[in-house]
Amino acid sequence: MTKIHLIGVCGTAMATLAAMLKRKGHDVRGSDQDVYPPMSDFLASEAIPTLAGYRAEHITGDLDLVVIGNAISRGNPELEEVLDRKIRYCSLPEAIREQFLWGARSIVIAGTHGKTTTTSLAGWVLTHGGLDPSVLIGGIARNFGDQGSSYRLGQGRDFVIEGDEYDSAFFDKTAKFLKYLPDVAVINNVEFDHADIYADFEAVMLAFRRLVSLVPRRGLLLVGADSAAARALAEKAVSRVETFGTGDAMDWQAHDLEPAGASTRFKVRRGGSPFGVFEVPLVGAHNVRNALAAIAVATEAGVGAERIGDALRAFAGVKRRLEVVGVADGVTVYDDFAHHPTAVAETLAGLRASNPAARIWAVFEPRSASSCRRVFQDDFARAFTGADEVLIAPIFRSRLPETERLSIPQLVRELRARGQSAREAESIDDIVTGIAREHRPGDLVILMSNGGFGGIHQKLLRALA
């Protein structure tokens, strides 16, 4: 039995890896500076000992391997002890590769947007299709486990994994997805993001070109060709290439999209010929593209169109992806992870298409490394078209230099100039008070942040009630 310690174990991906390693039969433990729910509860339920704080004495002589989270940097007492004692160490993506991917057919789901939903969809369709895959997701998929899960370990040969372009560790600044040995690679779309680690769009494209170059000759590259940048990657492929999207001349084309309440119906052509009619309990054209990628993956894996259709109808969704967190006084409150201008725009457009008459409140917290930066100033001014009321919360990363920081007053002025009702909020309590005072039955409130947003979800529901 291998004894493994994870530094930074309370990160979502690290905690999931710890659970997978434990289920594989290893002796696993970890440490983190902040050990609190929900990750502390998850680790406890998986019987993984978690040490509070970083201390050199946590690094004991009986350890076979230490996995170093990408938030850990030089000066961390445990990392320094590992380096001093020359204990074997690796990054999270290296651990996943070495422990799970060499013997698998690796299906890597990548792209700037839609990774988590597409990974969840593809993993679920393969599961429903009887292939018993393993799945690793950067979120909580409701189809797996009693309460939903970020992973599934199956006995089949397929491993469906979310391929993140973020860096791997303090000693490896290349994208995580470059370690995932893709037999099938899906690239939904490519845009500039992660401004804290990528200097410009060309640097992002380079990472994706490297991913394309790893797909073997007999493998498959699935390209979301509605994205011009993703489409441009196809010419670099040595493997087979298939395109998917809603545009013309696609290998896989979704067409005749029809909102149906909280679901969307659509037809699919493959190579110009009818393939099937599908319905997925998600809204928006972006989610149809995500489902289309899952259809193409499942077909490559040998699942028939009828089984795929059954699986899509039974998809239970992903936490924090347009998730209804509650209804109070006739107001439906959603939680969504959107933090990039394109994700904000597509999420609002999908909600609007399925609720054409509703008043939609868009409440946005600039929190991610990119969304706090001025680089997206103009894009955010165009992103909220689908909303009737826009509330912008204070910037989470306020220490950025003013020349680099997103200007909320400017954003509000630009939104108003476009004829939208927009305002800057001084605090979370300010947002809650305003909506509680001005709401009316039938309103939809979507809270968008890639973090906890100060617990606003329950605060708002309590105020409305």
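How many helices and strands are there in the protein? There are 14 helices and 23 strands. The model described here is predicted.

## Overall form

The protein has 465 residues, and its radius of gyration is 22 Å. A compact globule with that number of residues would have a radius of gyration near 23 Å, so the value agrees with such a form. Along the principal axes, the C-alpha atoms fill a box of roughly 65 × 55 × 40 Å.

Of the 465 residues, 56% count as buried. The exposed area of the protein is about 19,100 Å², and carbon and sulfur atoms supply 48% of it. Among contacts between residues at least 6 apart in sequence, 65% join residues at least 24 apart.

## The five-strand sheet

One open sheet has five strands in the order E3-E2-E1-E4-E5, and its pairing is parallel. Strand E3 (50-52) and strand E5 (89-91) each have a single partner strand, so one side of each is left without a neighbour in the sheet. On average, neighbouring strands of this sheet are turned by 25° against each other, direction ignored.

Strand E2 (residues 27-32) runs parallel to E3, and three bridges join the two. Gly 30 has Thr 50 in E3 as its bridge partner.

## Helices on this sheet

Helix H1 (residues 12-23) packs on the sheet and touches strand E1 (3-7), E2 and strand E4 (65-68). The direction of H1 makes about 175° with that of E1. Helix H4, in turn, lies across E4 and E5 and runs at about 100° to E5.

H4 covers residues 92-101 and is mostly covered itself, with seven of its ten residues buried. These buried residues are Leu 92, Pro 93, Ala 95, Ile 96, Arg 97, Phe 100 and Leu 101. In general, an α-helix has 3.6 residues a turn, so residues three or four places apart point the same way.

## The ten-strand sheet

Another open sheet is formed by ten strands in the order E8-E7-E9-E6-E12-E13-E14-E15-E16-E17, with mixed pairing. The edges are strand E8 (149-152) and strand E17 (273-280); each has a single partner strand, so one side of each is left without a neighbour in the sheet. Neighbouring strands here are turned by 15° against each other on average, direction ignored.

At the E8 edge, strand E7 (residues 134-141) pairs with E8 in the antiparallel sense over three bridges. Ala 141 stands opposite Ser 149 in E8.

Notes. Residues numbered from 1 in each chain as written. Predicted model: local features only at pLDDT ≥ 70, side-chain atom pairs only at ≥ 80, totals over all residues. Heavy atoms only, no water. Pairing = 2+ DSSP bridges. Helix = DSSP H or I, 4+ residues; strand = E, 2+ residues; numbered from the N terminus. Axes fitted to C-alpha atoms, helices over the stretch in contact; angles between N-to-C directions. Rg over C-alpha atoms; globule rule 2.2 N^0.38 Å. Buried < 20%, exposed > 50% of the residue type's maximum accessible area, 1.4 Å probe, protein only. Contact = heavy atoms within 4.5 Å. Areas by Shrake-Rupley, 256 points an atom, 1.4 Å probe, with all protein chains shown as cover.
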